[in-house]
Amino acid sequence: MIAEDRWLAGVLGRPAFRLDQSVGVDEVRAHALGHAAAFYYAKIDAGDLRTVHALGGAGLSVVDVNVTLDRAPDPASPGAASVDVHDVRPAEHAAVLDIAGRAFQYSRFHLDPLIPRSLAHRVKREWIANYLRGGRGERLLVATVGGRAVGFLAV
């Protein structure tokens, strides 16, 4: 299936589409003929080489690979006492937007050679702005040190 991503299209200034794992090479090629300047993306399990190769045959290339790590917490470890993590507060919105608009280097947008760095920064800033407006995600956690926002986790 090829699904339009209107939010991303609005930020990128061109049509954007999400591909699911069931889409075929011919379907992507035919769709792309009618959307020459479009941005396409797919999130595929790294072990699904058949789909990775098939989408490569349709002109897509791997730009970003995500790894999910998991670790059980050590109850004997006190953690970093100086870091406070909490739900974002209105007074922290500007600081979090600033972090989102400058801190990313390795996102799929920043790694894509066809997307200017300034546009990649804008995508990440708008992504978090959408969280703050309640249009995306479930929670936005902020890490502060000495009352100053130093990072966030978008859930």
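**Exercise 1. The β5 hairpin**

Work out how β5 and β6 pair in this predicted model, and over how many bridges.

*Solution.*
Step 1. Look at the directions of the two strands: β5 and β6 run antiparallel to each other, and six bridges join them.
Step 2. Now find facing residues. Val 142 stands opposite Phe 152 in β6, and Thr 144 stands opposite Ala 149 in β6.
Step 3. Follow the chain through the turn. The two strands form a hairpin with two residues between them. Gly 146 sits in that turn and has a positive phi of about 60°.
Step 4. Turn to β4, which covers residues 83–87. β4 pairs with β5 in the antiparallel sense over five bridges. For Asp 87, the bridge partner in β5 is Leu 141.

**Exercise 2. The surroundings of Thr 144**

Decide whether Thr 144 is buried or exposed, and find out which residues it touches.

*Solution.*
Step 1. Place the residue: Thr 144 belongs to strand β5, residues 140–145.
Step 2. Compare its accessibility with the cut-off. A residue is called buried under 20% relative accessible area. Thr 144 has a value of 4%, so Thr 144 is buried.
Step 3. List its contacts, leaving out residues up to four places away in sequence. Thr 144 touches Ser 82, Val 83, Asp 84, His 86, Glu 92, Ala 149 and Val 150.
Step 4. Widen the view to the strand. Five of the six residues of β5 are buried, so β5 is largely enclosed by the rest of the structure.

**Exercise 3. A sheet of three strands**

Find the order of the strands in the open sheet that contains β1, β2 and β3, and say which strands lie at its edges.

*Solution.*
Step 1. Read off the order: the three strands are arranged as β1-β2-β3, with mixed pairing.
Step 2. Look for strands that pair on one side only. These are β1 (2–4) and β3, the edge strands.
Step 3. Check the twist, which averages 30° from one strand to the next.
Step 4. Take a pair in detail. β1 and β2 (residues 16–19) are antiparallel and share three bridges. Here Glu 4 has Phe 17 in β2 as its bridge partner.
Step 5. Add the helix: α2 packs on the sheet and touches β1, β2 and β3. The direction of α2 makes about 35° with that of β1.

**Exercise 4. Three residues, three settings**

Sort Thr 51, Glu 126 and Arg 71 into buried, partly exposed or exposed.

*Solution.*
Step 1. Recall the cut-offs: buried means under 20%, exposed means over 50%, and partly exposed is in between.
Step 2. Thr 51 lies in helix α3. Its relative accessibility is 4%, so Thr 51 counts as buried. Setting aside neighbours within four places in sequence, Thr 51 is in contact with Gln 21 and Ile 44.
Step 3. Glu 126 is part of helix α6. Its value is 25%, so Glu 126 counts as partly exposed. Beyond residues up to four places away in sequence, Glu 126 touches Trp 7, Val 11 and Arg 133.
Step 4. Arg 71 is found in the loop between α3 and β4. With 62% relative accessibility, Arg 71 counts as exposed.
Step 5. Try some distances, from C-alpha to C-alpha. Glu 126 and Ala 46 are 80 residues apart in sequence and 28 Å apart in space. Arg 71 and His 93 are 22 residues apart along the chain, and 30 Å separates their C-alpha atoms.

**Exercise 5. The largest pocket**

Describe the largest pocket: how much space lies in it, and which residues are closest to its centre?

*Solution.*
Step 1. Start with the volume: the largest pocket holds about 1400 Å³ of space.
Step 2. Go to the lining, which has 45 residues. Tyr 41, Ala 42, Val 63, Asp 64 and Arg 108 are the closest to the centre of the pocket.
Step 3. Ask where the lining comes from. Among the elements that each supply at least two residues are α1 (6–12), α2 (25–33), β3 (39–42) and α6 (117–132).
Step 4. Sort the lining by residue type: 31 are nonpolar, six polar and eight charged.

Note on methods: Residues numbered from 1 in each chain as written. Predicted model: local features only at pLDDT ≥ 70, side-chain atom pairs only at ≥ 80, totals over all residues. Heavy atoms only, no water. 1 Å grid on protein atoms, 1.4 Å probe; cavity = no way out; pocket = protein on both sides within 12 Å on 5 of 7 lines; lining within 4 Å. Points joined across faces, edges and corners; volume = space filled by probe spheres on them. Helix = DSSP H or I, 4+ residues; strand = E, 2+ residues; numbered from the N terminus. Nonpolar A, V, L, I, M, F, W, Y, C, P; charged D, E, K, R; others polar. Pairing = 2+ DSSP bridges. Axes fitted to C-alpha atoms, helices over the stretch in contact; angles between N-to-C directions. Contact = heavy atoms within 4.5 Å. Buried < 20%, exposed > 50% of the residue type's maximum accessible area, 1.4 Å probe, protein only.
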